[in-house]
Amino acid sequence: MKLRHVVLFGFGKAHSSAAIAEVIRRFAELKALVPGIDDFEWGENSSPEGLDHGHSHVFLLTFANARARDAYLVHPDHAAFANWIQPFVSAVTVLDYWVESEAPVVSGDASSSSVP
């Protein structure tokens, strides 16, 4: 099972597109610098729902296991990046999850559930 590490950034209005591009470049560079990152991707919010809570960019890292993720978290290159980006980001959210491909099995009568 794969472990995904989701990072959401919001950038203050004062930051130029060149500064944001440099943040993205340096984040992407971590895949080559930190062992254990199996995949890296990123994108910019395009949702029309207005539920971004100040986040504009998403970064998704994939690890084979928790040990690889934990090594990434304390790796000196990750720590240096995390310190370097602080002046650029106005909002940060991080979530990790184990990839599941099937819905959980629910026991009992689904018709009596209060979930719509």
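These legends accompany several close-up views of a predicted model.

**View 1. Helix α2 and its buried side.**
Start with α2, the helix that spans residues 66-74. Its buried residues are Ala68, Arg69 and Tyr72. They sit on the same side of α2, because the arc they cover around the axis is only 100 degrees. Turn to the other side of α2 and you meet Arg67 and Val74, which are exposed. The cover over the buried residues of α2 includes strands β1 (3-11), β2 (37-44), β3 (57-63) and β4 (89-98), along with helices α1 (17-33) and α3 (76-85). At the N-terminal end of α2, look for the cap provided by Asn65. A side-chain oxygen of Asn65 lies 3.2 Å from the backbone nitrogen of Arg67.

**View 2. Helix α3, buried on one face and exposed on the other.**
The helix in this view is α3, where His78, Phe81 and Ile85 are buried. These buried residues line one face of the helix, since they fall within an arc of 60 degrees when seen down the axis of α3. A general point about helices helps here: an α-helix has 3.6 residues a turn, so residues three or four places apart point the same way. On the face of α3 turned away from the buried side, you will find the exposed residues Pro76 and Asn83. The partners that the buried residues of α3 pack against are β1, α1, α2 and β4.

**View 3. The largest nonpolar core.**
This core has 22 residues, and the members that touch the most others are Phe9, Phe27 and Tyr72. Each of β1, α1, β2, β3, α2 and α3 supplies at least two residues of the core. Helix α1 gives the largest share, six residues. For a closer look at one member, follow the contacts of Phe27. Leaving out residues up to four places away in sequence, Phe27 touches Val7, Phe9, Phe40, Phe59, Leu61, Tyr72 and Phe81.

**View 4. Aromatic pairs and a cation over a ring.**
Ten aromatic pairs are found in the structure. In one of them, the rings of Phe27 and Phe81 have centres 4.9 Å apart and planes at 45 degrees, so this pair is tilted. It brings together distant parts of the chain, with Phe27 in helix α1 and Phe81 in helix α3, 54 residues apart. Both Phe27 and Phe81 are buried. Trp84 and Phe88 form another tilted pair, with ring centres 4.8 Å apart and planes at 40 degrees. Trp84 is partly exposed, at a relative accessible area of 24%, whereas Phe88 counts as buried at 19% relative accessibility. Ring pairs join Phe9, Phe11, Phe27, Phe40, Phe59, Phe81, Trp84 and Phe88 into a cluster. Trp84 has a further companion in Arg26, which lies over the face of its ring at 3.9 Å from the ring centre.

**View 5. His55, a buried residue in a loop.**
His55 belongs to the loop between β2 and β3. With a relative accessible area of 13%, His55 is buried, because the cut-off for that class is under 20%. Two polar contacts are worth finding. The side chain of His55 reaches the backbone oxygen of Asp52 at 2.9 Å. A polar contact of 2.9 Å also joins the side chain of His55 to that of Thr93. Setting aside neighbours within four places in sequence, the residues in contact with His55 are Leu8, Phe9, Gly10, Asn45, Ala91, Val92 and Thr93.

**View 6. Leu3 in strand β1.**
Leu3 has its place in strand β1 and counts as buried, at 2% relative accessibility. Not counting residues up to four places away in sequence, Leu3 touches Leu61, Thr62, Phe63, Asn65, Ala66, Arg69, Asp96, Tyr97 and Trp98. One name here will be familiar from the first view: Asn65, the residue that caps the N-terminal end of α2. For a sense of scale, the C-alpha atoms of Leu3 and Glu44 are separated by 22 Å, and these residues are 41 apart along the chain.

**View 7. Pro35 in the loop after α1.**
The loop between α1 and β2 holds Pro35. At 60% relative accessibility, Pro35 counts as exposed. From Pro35 to Phe63 the distance is 9.9 Å, C-alpha to C-alpha, with their positions 28 residues apart in sequence.

Key. Residues are numbered from 1 along each chain as its sequence is written. This is a predicted model: local features need pLDDT of at least 70, side-chain atom pairs count only at pLDDT 80 or more; totals for chains, interfaces and linings use all residues. Side-chain values use heavy atoms; hydrogens and water are left out. Buried means under 20% relative accessible area, exposed over 50%, partly exposed in between (1.4 Å probe, protein chains only). Helices (H or I, at least four residues) and strands (E, at least two) are DSSP runs, numbered from the N terminus. The arc is that of the directions from the helix axis to the C-beta atoms. Contact means heavy atoms within 4.5 Å. A polar contact is a pair of N or O atoms within 3.5 Å; within protein, one must be able to donate a hydrogen and the other to accept it, and residues adjacent in sequence count only if both atoms are side-chain atoms. A nonpolar core is a set of buried Ala, Val, Leu, Ile, Met, Phe, Trp, Tyr and Cys residues joined through side-chain atoms within 4.5 Å. Rings of Phe, Tyr and Trp (its six-membered ring) pair if their centres lie within 6.5 Å; planes under 30 degrees apart count as stacked, over 60 as edge-to-face and the rest as tilted. A charge sits over a ring if NZ of Lys or CZ of Arg is within 6 Å of the ring centre and within 35 degrees of the ring normal.
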